[in-house]
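Here are a few exercises to work through with the model open. Try each task before you read its solution.

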Amino acid sequence: MSAKPQESVLVVDFGAQYAQLIARRVRECKVYSEIVPYDISPEEIERRGAAALIFSGGPSSVYQEGAPRPDPGILELGLPVLGICYGHQLLAQELDGKVEATGIREYGKTEMNVKGNGILFEGLPLEQTVWMSHGDSVRGAPSGFQITAHTAASPVAAMEDPERRLYGVQFHPEVIHTPLGKDILKNFLYGAADLLPTWTMVSIIEQAVGEIRAKVGNNKIICGLSGGVDSATAAVLVHKAVGDQLTCVFVDHGLLRKREGEQVEDTFRRHFHMNLIHVQAQQRFLARLEGVTDPEVKRKTIGEEFIRVFEEVARELKDTHFLVQGTLYPDIIESGTRDAARIKSHHNVGGLPEEMDFTLVEPLRSLFKDEVRAAGEELGLPEEIVWRQPFPGPGLAIRIIGEVTAEKLEILRDADDIVLDEIKRAGLYKEIWQSFAVLPDIKSVGVMGDERTYAYPIVVRAVTSEDAMTADWARLPYEVMERISSRVINEVKGVNRVVLDISSKPPATIEWE
Ligand code: XMP
């Protein structure tokens, strides 16, 4: 199940740092692209309906023993090929060109001179800045190739053989530091490979809808909603395909942010008219969390209870054999391009009900996160859902240090709402990866009016990040911090102090538990 079109460009991955980026850039040119391992067979390439190939960069030297090489049959398929960096050197090496270690490393922005006769550079200036990162160089192009660009250190910075439709560039067209990189990719895709820019959001949605219908038929299907963009987009897509056959389940474990439940009701029941089961399980989760202080035990407890609730609901929906999963393409890549079929446990709800016998429908499994957002927008999801910052499955429970109680939840939920409100008002919500409040398990002395107080502090945590693997504390403007501080202290009962977390990850983590 995917939004895969007939024609695709396969990025053959030789261990590149940038393989994902290449696929994304190709998709930005409205041509579908996927990453495949370098030892893919020619048959598999044909089976996947590849219309063109891109050989990625990689850390090895092509002349070293054990360096990754493609199956020689691949070049005999007659498909257009673009080699990038290591891929460029591979083309030279596999044919009869010459690759050597020059002792000169070209790294960073480099001036390149273009000869006016190449397809890759058609319509582009003869002097360009490109991004280089290599030690080896192609010293001689293979026969049949013309050299189309050079730099001070690379006599063959680009080469092409239009007859065999083979193209190589030493630089990285996929990175933004090569300003004309996308134009060069477009020249390869539309000019050299004769592809058309037809992979648009509308076509992606149409295709996915068709595939969902074919897979689900007249059967019933269930989808767990978390309030985040992935499950929401997957649900709306499946609903578009099979309408009332879909039932969405939203488990309110009482650990959500303010108004989250209402928003799910508004969006899915009132706006999209979907079958929605809204399980009010607040008391149940709170009871299970009584006395629990260890972060991992909290996670496990919430995860298990979640599955139990979900199973109970699913059992009542008799004859439902299909389950929607919001798996994304990066999840598939992370699980190894080779075993792309591996099913990821639904990290957002803390694990799939394992013993349940569902056929999975994963309508987003070929999309990157930003593509999911674009699809969500196209499908009419509200901006608050489409652009929502990530939120952990165990919710506010891992932002309350120590035992979770109803009182602490109320304090944290109110404080968190103010933090988010002020960040949104300052126009910072989208550029900040996550911003939220944390309630530590301490009290401190304060003074309000003439009275001494002994109350909780609230920690403000805001980070910037690309992927949550590393993060930096966000430099919030003083005025924003001031408003957060004064509002939290004035409006949230039980709080007399606001502090700011200025730790990056590593060594800290984004969450406090
Ligand atoms: P840390 O705190 O490890 O968080 O830097 C990295 C990212 O993961 C999210 N997170 C979780 N998400 N279940 C989830 O679904 C969890 O138990 C969990 N713990 C952390 C966190 O919000 C951040 O985006």
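**Exercise 1: the sheet**

Find which strand pairs with β10 in the parallel sense over five bridges, and trace the sheet outward from there.

Solution. Start with β10 (residues 220-225), which pairs in parallel with β11 (residues 246-252) over five bridges; strands here are DSSP runs of E, at least two residues, and helices are runs of H or I, at least four, numbered from the N terminus. Pairing takes at least two DSSP bridges. Within this pair, Gly 224 sits opposite Val 249 of β11. Stepping outward gives an open, parallel five-stranded sheet in the order β12-β11-β10-β13-β14. Its edges are β12 (275-280) and β14 (359-361), each paired on one side only.

A note on the model: it's predicted, so local features need pLDDT of at least 70 and side-chain atom pairs 80 or more, while totals for chains, interfaces and linings use all residues. Numbering runs from 1 along each chain as its sequence is written, and side-chain values use heavy atoms, without hydrogens or water.

**Exercise 2: the core**

Work out which residues have the most contacts inside the largest nonpolar core.

Solution. The core (buried Ala, Val, Leu, Ile, Met, Phe, Trp, Tyr and Cys joined through side-chain atoms within 4.5 Å; buried is under 20% relative accessible area, 1.4 Å probe, protein chains only) has 89 residues, and Ile 221 and Phe 268 lead in contacts. Next, α6 supplies its largest share, nine residues. Domain 2 (201-386) and domain 3 (405-501) both contribute, so the core lies between them; the bounds come from an automatic or database assignment.

Notes. Buried means under 20% relative accessible area, exposed over 50%, partly exposed in between (1.4 Å probe, protein chains only).
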